[in-house]
Amino acid sequence: MLKEAIVEARVASFNLHAAPERPVGWQGRGRLIFPPMILFAAAFLVYAPALRNGFVWDDQALILSDPLIRSWRLIWQGFQHFFFTDAAASDFYRPLQRLSYTLDYAAFFVAPAGYHFVSIFWHAAAASALFCFTEEFLTRCKITPARRFGVAFLTALVWLLHPVQSAAVVYISGRADPLAAAFGFLGLFLGLRMLRTTGNRRWAFGLGAGFCFLASALGKEIGLIFLLIWLILGLTQRTRAASLGTAAILAAVLCAYLALRLPAEHPAPPSSAPLPLIVRPIVTARAVAEYAGLLLLPLHLHMEREVETQPSGFNDASMNTASWRELQTLLGLLLIAASACTLWRSRRQPAIILPLLFAAVSYLPVSGLITLNATVAEHWLYLPSAFLFLGGAAALESLGRLNQSGNWKKLVVAGLTIWILFLPVRTFA
């Protein structure tokens with residue numbers, strides 16, 4: 001009885017630091033090779049119409065007007081300047097994004113199709129890295145190989161095909177999101193592998209994870225969120241070695257990032273009045289409702305969105321819109337309460353609560369509590385939606401293991417299938 005209780009306790013724990021390295025055969029390698037191949041094929045098929053697009057908005061400033069992408073000799077100069085050099089100053093320090101444009105310029109000159117091709121490539125790479133991270137994460141949650149493969153592939157596929165990601169994929173200037181996500185997810189994958197290996201391989205995985213986290217932060221500022229997620233994952237291990245390894249990677253990446261960012265040339269951007277503190281919770285609630293609608297039914301997609309009450313002044317149309325905005329505020333508050341309740345109810349299921357916690361952590365900087373250059377932007381969902389879909393897929397897997405039967409399961413499967421088939425059609429359109 002005591003032996004069975006010990007085994008059961010180990011299965012329920014997320015701490016698998018001492019788990020032995022699994023032998024990897026041809027079948028294991030295939031599980032990590034074929035899904036990314038499918039994801040890459042799906043990405044280029046669904047986003048193929050984007051190859052006909054040209055340069056719009058910030059593309060012209062970042063590609064056609066930036067002298068620092070004209071030669072490989074200027075790569076280091078790109079690390080010493082913020083965006084934008086020949087346009088309005090900004091707080092964006094993204095040298096890796098500029099480096100990707102340098103490579104594009106050398107390969108395609110100013111042919112926009114090549115730039116769009118590379119952006120789609122990075123989106124597919126980010127989905128593949130998400131798949132690898134999810135597989136490793138669910139391994140530590142003691143989910144069986146077949147089920148974790150299904151959850152990981154479903155998560156990566158839905159995230160890849162969802163139309164809300166188009167703002168970060170078909171807009172060349174939005175490449176910062178796929179770059180940060182690809183390196184960030186890969187860093188989490190390597191970090192988790194580090195925690196269950198020993199010897200030289202442990203050092204190799206640790207160095208690889210640190211490099212990826214740094215590259216993610218240099219791709220876009222939101223990449224720093226992966227360090228916080230890595231810290232949470234390290235704390236869940238509850239071992240001294242895991243805590244020291246996590247802290248070492250965290251400190252090294254932050255020091256390297258600040259050493260590059262702080263000395264860089266940074267002209268002060270034009271200042272804008274921040275939203276009043278009393279308004280921010282209202283905008284936050286409306287943004288939650290707005291984003292929920294975009295994720296569930298992505299029909300009306302456009303780059304510029306607004307959830308303020310009277311952004312264009314007072315008139316009959318704006319007053320009618322204001323009434324709907326108040327209802328949106330109430331809906332947002334209900335969704336926030338439901339999310340908090342879901343987190344509490346899944347507190348004993350690490351495969352569900354941790355992804356949902358990561359989604360909340362990565363969403364907070366763009367939630368409206370902090371004043372940014374907009375109140376709502378579709379590409380801000382790029383990272384939080386990945387963890388949200390992972391938590392949702394893990395919850396579906398948990399429901400599927402329940403020994404219950406009924407029409408409701410068939411309805412859920414049918415509805416989910418129709419929704420997933422709708423996503424690539426909408427994205428292609």
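Pro269 is partly exposed in this predicted model, because its relative accessible area of 25% falls between the 20% limit for buried and the 50% limit for exposed. The residue sits in the loop between α12 (240–261) and α13 (280–296). Leaving aside neighbours within four places in sequence, Pro269 is in contact with Ala89, Ser90 and Asp91. Of these contacts, Asp91 is 178 residues away from Pro269 in sequence, yet the two C-alpha atoms are 6.9 Å apart in space.

I turn next to the salt bridges. The structure holds 10 of them, and I shall discuss three. In one, the side chains of Arg94 and Glu221 meet at 2.9 Å, N to O. This pair links distant parts of the chain, 127 residues apart: Arg94 belongs to the loop between α4 and α5, and Glu221 to the loop between α10 (200–219) and α11. Arg94 is buried, with a relative accessible area of 11%.

Glu221 also forms a salt bridge with Arg261, where the closest N and O atoms are 3.6 Å apart. Here the loop between α10 and α11 is linked to helix α12, which holds Arg261, across 40 residues of sequence. Arg94, Glu221 and Arg261 are thus linked in a network of salt bridges.

The remaining bridge for today joins Arg175 and Asp104, with 2.6 Å between the closest N and O atoms. Arg175 lies in the loop between α8 (166–169) and α9 (176–195) and Asp104 in helix α5, so the pair ties together parts that are 71 residues apart in sequence. Are these two partners buried or exposed? Arg175 counts as buried because its relative accessibility is 0%, and Asp104 is buried too, at 4%.

Helix α5 brings us to the interior space. The structure holds 1 cavity of 30 Å³ or more, and the largest cavity has a volume of about 40 Å³. Which element supplies the largest share of its lining? That is α5, with 4 residues; α4 (75–78) and α5 (95–108) each supply at least two. Among the lining residues are Leu68, Ile75, Phe79, Arg98 and Thr102. By type, the lining divides into 6 nonpolar, 2 polar and 1 charged.

Two further sites deserve mention. His123, in helix α6 (residues 112–140), counts as buried because its relative accessibility is 0%. Its contacts beyond four places in sequence include Tyr47, Trp159 and Tyr382.

Finally, helix α11 (residues 225–237) has 13 residues and spans 19 Å from first C-alpha to last, close to the 18 Å expected. Its buried residues include Phe226, Trp230 and Leu233.

Methods. Residues numbered from 1 in each chain as written. Predicted model: local features only at pLDDT ≥ 70, side-chain atom pairs only at ≥ 80, totals over all residues. Heavy atoms only, no water. Expected span 1.5 Å × (residues − 1). Buried < 20%, exposed > 50% of the residue type's maximum accessible area, 1.4 Å probe, protein only. Contact = heavy atoms within 4.5 Å. 1 Å grid on protein atoms, 1.4 Å probe; cavity = no way out; pocket = protein on both sides within 12 Å on 5 of 7 lines; lining within 4 Å. Points joined across faces, edges and corners; volume = space filled by probe spheres on them. Nonpolar A, V, L, I, M, F, W, Y, C, P; charged D, E, K, R; others polar. Salt bridge = Lys/Arg side-chain N within 4 Å of Asp/Glu carboxyl O.
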